[in-house]
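Welcome to a short tour of one protein chain. Take a look at the model below, turn it around, and then read on.

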Amino acid sequence: MPIPNVEYKIYNPNENGLGEIIVKGPNVMNKYFKDEEATKKAIVDGWFHTGDIGKIDEDGFLYITGRCKSVIVTKNGKNIYPEEIEYFLNENKFISESLVYGVDTSADTQVNAKLLPDISAISEELNTEEPTDNQIEDIISNVVKDVNSRFPNYKHIKSFKILKDSLEKTTTQKIKRYGTNMK
């Protein structure tokens, strides 16, 4: 729920009610310091465009589901929010970290993922000290199949890479979507 004297709404919502979160209130900045161009992009008709994707439920609760910058848009115009898929990957005990991203092919844009397995959870599951690469791949493949079953086909992870090392993170320990993680 918003704090007192703050209004929020979803700008340009899709069929599921997801869209950019915009806010207005006395606590919201009125401009960027010495950056008129950025101000014009971010504040339109008194509403601050946050760059966050979200939805509002029937009780008025706001849910932040992702960032506008990270949206994957298919060639037929469907929006895929990587954070939505990452949520289900990361809630699985066999996944330590995930990064979902789009790859353009000649036919369409497909969803791919980089996955860091939780080797200790896999070892415990298999009752072995050192699982083989094939065992790890089998378990991670089953996780991906399970996550895919929750989504329509256009949101399915088509390809994934199993990582040996953690993904690059910001100083606040958020996974960087761009930079070395995308190589």
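A salt bridge is a side-chain nitrogen of Lys or Arg within 4 Å of a carboxyl oxygen of Asp or Glu. Keep that in mind, as we will come back to it. This is a predicted model, in which local features need pLDDT of at least 70 and side-chain atom pairs count only at pLDDT 80 or more, while totals for chains, interfaces and linings use all residues. Residues are numbered from 1 along each chain as its sequence is written, and side-chain values use heavy atoms, leaving out hydrogens and water.

## The chain as a whole

Let us begin with the overall layout. The chain has four helices and ten strands; helices (H or I, at least four residues) and strands (E, at least two) are DSSP runs, numbered from the N terminus. Along the sequence they come in the pattern β-β-α-β-β-β-β-β-α-β-β-α-α-β. The C-alpha trace spans about 60 × 35 × 35 Å along its principal axes.

Of the 183 residues, 37% count as buried. Buried means under 20% relative accessible area, exposed means over 50%, and partly exposed lies in between (1.4 Å probe, protein chains only). Among contacts (heavy atoms within 4.5 Å) between residues at least 6 apart in sequence, 50% join residues at least 24 apart.

## Antiparallel neighbours

Strands of a sheet pair through backbone hydrogen bonds, either parallel or antiparallel. Here, two strands pair if DSSP finds at least two bridges between them. β1 (7-11) and β2 (19-24) pair in the antiparallel sense over five bridges, and one partnership sets Glu-7 opposite Lys-24 in β2. β2 is also joined to β4 (47-56), by four bridges and again antiparallel; there, Val-23 has Phe-48 as its bridge partner. Strand β2 is mostly covered, with five of its six residues buried.

β4 goes on to pair with β5 (62-67) through five antiparallel bridges. These two strands form a hairpin with five residues between them, and Gly-60 in the turn has a positive phi of about 90 degrees. Is Ile-53 in β4 buried or exposed? At 5% relative accessibility, Ile-53 is buried. Gly-66 in β5 is the bridge partner of Ile-53, and the residues that Ile-53 touches include Leu-18, Ile-21, Tyr-63, Val-71 and Tyr-81. Arg-67 is 14 residues from Ile-53 in sequence, but their C-alpha atoms are 5.3 Å apart in space.

## A three-stranded sheet with helices

Further along the chain, three strands form an open sheet in the order β8-β9-β10, with mixed pairing. β8 (95-104) and β10 (157-162) are the edge strands, each pairing on one side only. On average, neighbouring strands of this sheet are turned by 25 degrees against each other, direction ignored. β9 and β10 run parallel and are joined by five bridges, one of which matches Leu-115 with Ile-162 in β10.

Which residues of helix α3 (residues 119-126) are buried? They are Ala-121, Ile-122 and Ser-123. What covers these buried residues includes β9 (109-117) and α4 (133-148). Just after α3 comes Asn-127, with a positive phi near 55 degrees.

## Charged partners

Now back to salt bridges, of which the structure holds ten. The side chains of Glu-91 and Arg-150 form one, at 3.9 Å from N to O. This pair links distant parts of the chain: Glu-91 is in the loop between α2 (82-90) and β8, and Arg-150 is in the loop between α4 and β10, 59 residues apart. Glu-91 is partly exposed at 44% relative accessible area, and Arg-150 is partly exposed at 42%. Arg-150 also forms a salt bridge with Asp-146, whose closest N and O atoms are 3.5 Å apart.

Another salt bridge joins the side chains of Asp-133 and Lys-164, at 3.3 Å from N to O. Asp-133 in helix α4 and Lys-164 in the segment after β10 are 31 residues apart, so this pair too links distant parts of the chain. Asp-133 counts as exposed at 52% relative accessibility, as does Lys-164 at 66%. Elsewhere, Glu-83, Glu-86 and Arg-177 are linked in a network of salt bridges.

Technical notes: Axes fitted to C-alpha atoms, helices over the stretch in contact; angles between N-to-C directions. Lists of a residue's contacts leave out its neighbours within four places in sequence.
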